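This report goes through a single protein model, from its overall make-up to a helix pair, a buried loop residue and a set of charged pairs.

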Amino acid sequence: MPRNALQKAASEAAPPLPATRRQTGRLRTWHYFLLGAGVLVGLLAMSGAIGNEPLRRSMEAQINRRLHGYTMRIAKLRLQAIGGSLTLEGVEIRQIAHPEPPLAVIPLLKASVEWRQLFFLRLVADFMLERPSVSMNLAQLQGEVASGVPVQDRGWQQAVQAIYPLKINSLRIHDASLVYADNASDRPLRVTHLNVQASNIRNIHSREHAYPSPIEMDGTVFGSGRAALKGHADFLAEPHFGIQGQFRATSIPLDDLRPLGRHWNVETRKGSLSANGEVEYAPKVRRLHLPSVVLSGVQADYVRRPPGAPDPLRAAIERSAPSTATPSWDLSLDRLQLVDSNVGLRDETRAPAYRVFVSQAGLDVNGFSNRSSSRPATALLSGQFMGSGKTRGHVKFWPVDGVSDADLDLTIEATDMRTMNDLFRAHGKFDVAAGVFSLYSQLHLRGREVDGYVKPLFHSVEIYDSRQDADKSLFRKVYEGAVDAAAKILTNPKRKQVATTVEIHGPVSGPKSSTLQIVGGLVQNAFFKAVLPGFDQQIGVKKR
């Protein structure tokens, strides 16, 4: 063939060469990848040849060198060279400061190569945990806070890497349980039959508000309630993971919360909670939207106790409070319903202690948000004060710069005063034999300024009864007789009523108090100033 013809043929054949190089490059990548996988399997096989017991001791030592404040024990290790899977049995994790009981017990942990990811040139791991149990008591919780070391700095990630050399991409947790025991004598809080499934964990770092890893969770709460979450997570977010998803909680029993509520002076005896909504929790955002919350059959009290030593759990939580850089929660509540409940205030700082309550209580709250808004949230209250007084309340409130402006209109009518005798004994040192109590109040709160009034009415009051007071001392009889006479002096002769109005004007105290605390305190203080007209000479009463 002529020389020119050969050159022409060579030039025409030149274009396909880059494609051939690309194909060769892909094949070379696959060769390197498969070679790496083969080396991993070979290393695992060599480890198996050495023996499981030396490997168990070595792994346990490496893990404990990486952990800070904890120790891990592995009862048994099995390595399967074919397939590259590792199984740990009888894993226990203990807090060094408070080793009993173990913080976590994992009967079975299995790690293996996630083979289907090899098709995407990803050499990653699949982790499966069977029946793990995580538990903590109050002393251990205090120990966690006292250490001052954030969870992300405790060496957990490095410890997991010591278990298996590959990054975790898929996680399955089957039939787990979470337990918190506040006090040895209390029933612990339990979440049981918890199942978790997450995938695509080893993703690249994601943009803010991007959650590339699907996650599903469901479990049993406090024995009979159910809770579930379905959404997405970002397990590589720093300084902690992020999650966003839809959740639902159904028939969560509230009586189990009694040991925990005690730390916040709340006592729950009965009732259930159901709710659904959307949560987003990440380093730069905390958001909770609740379309519906229903509290049914609740029996609960807020308890005033004499001052004492600081509560250990509250003190621990306050010490671990997030920094100012931590975002605050963005909360919105479309509707909250309290149905057929009994809620009250129990005051144990007085002698005798007493309880005021509303039975058959119903509360309907609509449109609440902690963001500043020109549109008010509303709350409607109904029930029976002390079991007999028809009660109606209407509240409107607007969040403004961390504290809500609020308008309150409250009416209580035809309460049997005999049900209030513990209150009268505590605040006025007398009781009644008969009478009907009513109360009317309007309050307007604007920022830290309040304006309004509280007006109680007492009808057909009989304070001294010789039959009821037969066992009382002569001094008590004389005192109650004087009280009875004073009440009659203040009584309207036409209507046989005692009526006094306390007007409220000026700034409120407690700069850290919530709107609910402020309104409740105003009603309570004004009530006790007006409920005993004429018997405390130091009370300044302005009559209407």
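Helices are DSSP runs of H or I with at least four residues, strands are runs of E with at least two, and both are numbered from the N terminus. In this predicted model, the secondary structure comes to 10 helices and 22 strands. The protein has 544 residues, of which 39% count as buried. Among contacts in the protein with a separation of 6 or more, 60% are between residues 24 or more positions apart.

**A helix pair**

Two packed helices are described by the angle between their axes and the distance between the axes. For helix α3 (residues 52-66) and helix α5 (residues 156-163), the angle is about 170° and the axes are 8 Å apart. Angles over 145 degrees count as roughly antiparallel, and α3 and α5 are therefore roughly antiparallel to each other. The crossing in which α3 passes α5 is right-handed. On the α3 side the contact is made by M59, Q62, I63 and R66, and on the α5 side by Q158, A159, A162 and I163. By type, the residues of this contact divide into 5 nonpolar, 2 polar and 1 charged.

**A buried loop residue and helix α8**

M386 sits in the loop that lies between β15 (377-385) and β16 (389-400). Its relative accessible area is 5%, so M386 is buried. Apart from its neighbours within four places in sequence, M386 is in contact with R355, V356, F357, T415, T419 and M420. M420 is 34 residues away from M386 along the chain, yet the C-alpha atoms of the two are separated by 7.4 Å.

Helix α8 covers residues 421-428, and its buried residues are N421, L423, F424, A426 and G428. After α8 comes K429, which has a positive phi, near 60°.

**Salt bridges**

Side chains of opposite charge can pair when their charged atoms come close. With a cut-off of 4 Å between a side-chain nitrogen of Lys or Arg and a carboxyl oxygen of Asp or Glu, the count comes to 28 salt bridges. Three of these pairs are listed with the separation of their closest N and O atoms.

| Basic residue | Acidic residue | Closest N and O atoms |
|---|---|---|
| R94 | E92 | 2.9 Å |
| R258 | E267 | 3.5 Å |
| R446 | D407 | 3.0 Å |

In the pair of R94 and E92, E92 is partly exposed at a relative accessible area of 21%. In the pair of R258 and E267, R258 is partly exposed, with a relative accessible area of 38%, whereas E267 is buried at 12%.

Which strands does the pair of R446 and D407 connect? R446 lies in strand β18 (residues 434-446) and D407 in strand β17 (residues 403-416), so this salt bridge ties together parts that are 39 residues apart in sequence. R446 is partly exposed, with a relative accessible area of 39%, while D407 is buried at 15%.

Some salt bridges share partners, and these join R258, E267, R269, D301, R305, R346, E348 and R355 into one network. R355, a member of that network, is also one of the residues in contact with M386.

Key:
Residues are numbered from 1 along each chain as its sequence is written. This is a predicted model: local features need pLDDT of at least 70, side-chain atom pairs count only at pLDDT 80 or more; totals for chains, interfaces and linings use all residues. Side-chain values use heavy atoms; hydrogens and water are left out. Axes are lines fitted to C-alpha atoms, for helices over the stretch in contact, and angles run from 0 to 180 degrees between N-to-C directions. Angles under 35 degrees count as roughly parallel, over 145 as roughly antiparallel, 65 to 115 as roughly perpendicular and the rest as oblique. A crossing is left-handed if the near helix is turned anticlockwise from the far one by less than a right angle, and right-handed if clockwise. Contact means heavy atoms within 4.5 Å. Ala, Val, Leu, Ile, Met, Phe, Trp, Tyr, Cys and Pro count as nonpolar, Asp, Glu, Lys and Arg as charged, and the others, Gly among them, as polar. Buried means under 20% relative accessible area, exposed over 50%, partly exposed in between (1.4 Å probe, protein chains only).
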